[in-house]
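Student: Hey, I've just opened this one and I'm new to it. Can we go through it together?
Tutor: Sure, ask away.
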Amino acid sequence: MASEHSEGDGAETSALALKILVAGGFGVGKTTLVGAVSEIRPLRTEEQLSEVGESIDDVGGVAQKTTTTVAMDFGRITIRSGLSLYLFGTPGQDRFWFLWDELSQGALGAVVLADTRRLEDCFPAVDYFEHRRIPFVVAVNCFAGARTYGAQDVSRALDLDRGTPVVLCDARDRDSGKEVLIRLVEYAGRMHTARLLDSVG
Amino acid sequence: MRKLRGDDPPEPGAQWYDAEAGPLVRPYAMTGGRTSPGPSGVRFDLIALVSLDTAAPETGDDTALGPEHRALIELCRIETQSVAELAADADLPVGVVRVLLGDLLELGVVKVTRPVPPAQLPDEKILREVIDGLRAL
């Protein structure tokens, strides 16, 4: 018991938290995915709109309203004592883009959830992560009743860079969500190694 | 729905505000109007991990601490928590929590573990561990 305790303390001092973003259009299943894989009930955290946000925030018709609260969902997966994965559902509306910059700081990678019935909703997220060279996978949430497309079709339709993984998933299903995260972490590892080699060569 | 009461005596416990009025205390009132953490100027990442400093001085009678400070201390006492979790559990905006944590950090009550720097992804061994851990869930 004593040795177990000291081991725990050792892990505590080097606690490591990794961040994964879940992005995509409104209603595509971001909260559902976070909830399916998280070990805690999905928590919502609120961020007050900053001044930057206020200046671009169109509150036409509601002139007196000077603050808006943005809600972000997040969840946690504990890999072991001292190593946790945090998932953040990014706010869907375009006017909260400024929050993405903070969220994506130091992120391990991102999951872009897509719905094939309105694929264009995930274009902004794809552009965002490509532009900032943040590793991401596209996870196609297979809604019942939606026509199924192959991963290849989606990849071509989104004009993804070669190698960007496309995974078909069911955001409600824990195992399916886990698979998406595994693909992302594997891909992030490959991207990282490739960049290291690039910088050496 | 709010109604103007005429001559009716107010009911005991009746409140003039309701849930629609929003929080009765403006969030940044809890920070004395400050919107960024004190002199140390640290910007707490959402996943920065906060734990109680075991060597911390006793804060029992410290009047510099408000009820929200104490609420955060109590949450950290349960387990090490991320800034995001603290905000959600304490039901406070992240910006407010950052200011309050700045105070606690300066008082030496808490320790904060910064997340991995942006350009520096964790090494392969840790990613392997994450993948194996996810598989085992």
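Student: How are α1(B) and α2(B) set relative to each other?
Tutor: One thing to keep in mind is that this is a predicted model. Helix α1 (residues 67–78) of chain B and helix α2 (residues 83–90) of chain B pack at an angle of about 120°, and their axes are 10 Å apart. An angle over 115 but not over 145 degrees counts as oblique, so α1(B) and α2(B) are oblique to each other.

Student: And what's the handedness of that crossing?
Tutor: α1(B) and α2(B) cross in a right-handed way.

Student: Which residues meet there?
Tutor: From α1(B) you have E68(B), A71(B), L72(B) and L75(B), and they meet L86(B), D89(B) and A90(B) from α2(B). Sorted by class, that contact has five nonpolar and two charged residues, with no polar ones.

Student: OK, zooming out. What secondary structure does chain B have?
Tutor: Chain B has four helices and three strands. Going along the sequence, the pattern is β-α-β-α-α-β-α.

Student: How much of chain B is buried?
Tutor: Of the 137 residues in chain B, 31% are buried. As for its contacts with a separation of 6 or more, 75% are between residues 24 or more positions apart.

Student: Now the two chains. How many residues are in contact between them?
Tutor: 30 residues of chain B are in contact with 28 residues of chain A. On the chain B side, α2, α3 and α4 (124–136) are the elements that give two or more residues. α4(B) gives the most, with nine residues.

Student: What kinds of residues does chain B put on that side?
Tutor: The split is 20 nonpolar, five polar and five charged.

Student: Where's the core in all this? How many residues does the largest nonpolar one have?
Tutor: The largest nonpolar core has 77 residues. Among those with the most contacts inside it are V111(A) and I20(A) from chain A, plus V83(B) and V97(B) from chain B.

Student: What is V111(A) in contact with, skipping its neighbours within four places in sequence?
Tutor: V111(A) is in contact with I20(A), V22(A), F136(A), V137(A), A139(A), V180(A) and L184(A).

Student: Switching to α2(A): is that helix mostly covered or mostly uncovered?
Tutor: Mostly covered: helix α2 (residues 30–37) of chain A has seven of its eight residues buried. Among the buried ones are K30(A), T32(A) and G35(A).

Student: Something else. What's up with phi at D91(B)?
Tutor: Phi of D91(B) is near 60°, a positive value in a residue other than glycine. D91(B) sits in the loop between α2 and α3 (94–106) of chain B.

Student: Is D91(B) buried or exposed?
Tutor: Exposed: D91(B) has 12 other C-beta atoms within 10 Å.

Student: And what about phi at D159(A)?
Tutor: D159(A) has a positive phi too, near 50°. D159(A) is in the loop between α6 (151–157) and β7 (166–169) of chain A, and D159(A) is exposed, with 9 other C-beta atoms within 10 Å.

Student: Last one, Y28(B). Where is it in the chain?
Tutor: Y28(B) lies in the segment before β1 (49–52) of chain B. Y28(B) is partly exposed, with 15 other C-beta atoms within 10 Å. Leaving aside neighbours within four places in sequence, Y28(B) is in contact with G33(B), T35(B) and V96(B).

Student: How far apart are Y28(B) and L52(B) in space?
Tutor: Y28(B) and L52(B) are 24 Å apart, C-alpha to C-alpha, and 24 residues apart in sequence.

Methods:
Residues numbered from 1 in each chain as written. Chains lettered and ligands numbered in written order. Predicted model: local features only at pLDDT ≥ 70, side-chain atom pairs only at ≥ 80, totals over all residues. Core = buried A, V, L, I, M, F, W, Y, C linked by C-beta atoms within 7 Å. Buried ≥ 20, exposed ≤ 12 C-beta atoms within 10 Å, placed from the backbone. Contact = placed C-beta atoms within 7 Å. Axes fitted to C-alpha atoms, helices over the stretch in contact; angles between N-to-C directions. Parallel < 35°, antiparallel > 145°, perpendicular 65-115°, else oblique. Left-handed = near helix turned anticlockwise from the far one by under 90°. Nonpolar A, V, L, I, M, F, W, Y, C, P; charged D, E, K, R; others polar.
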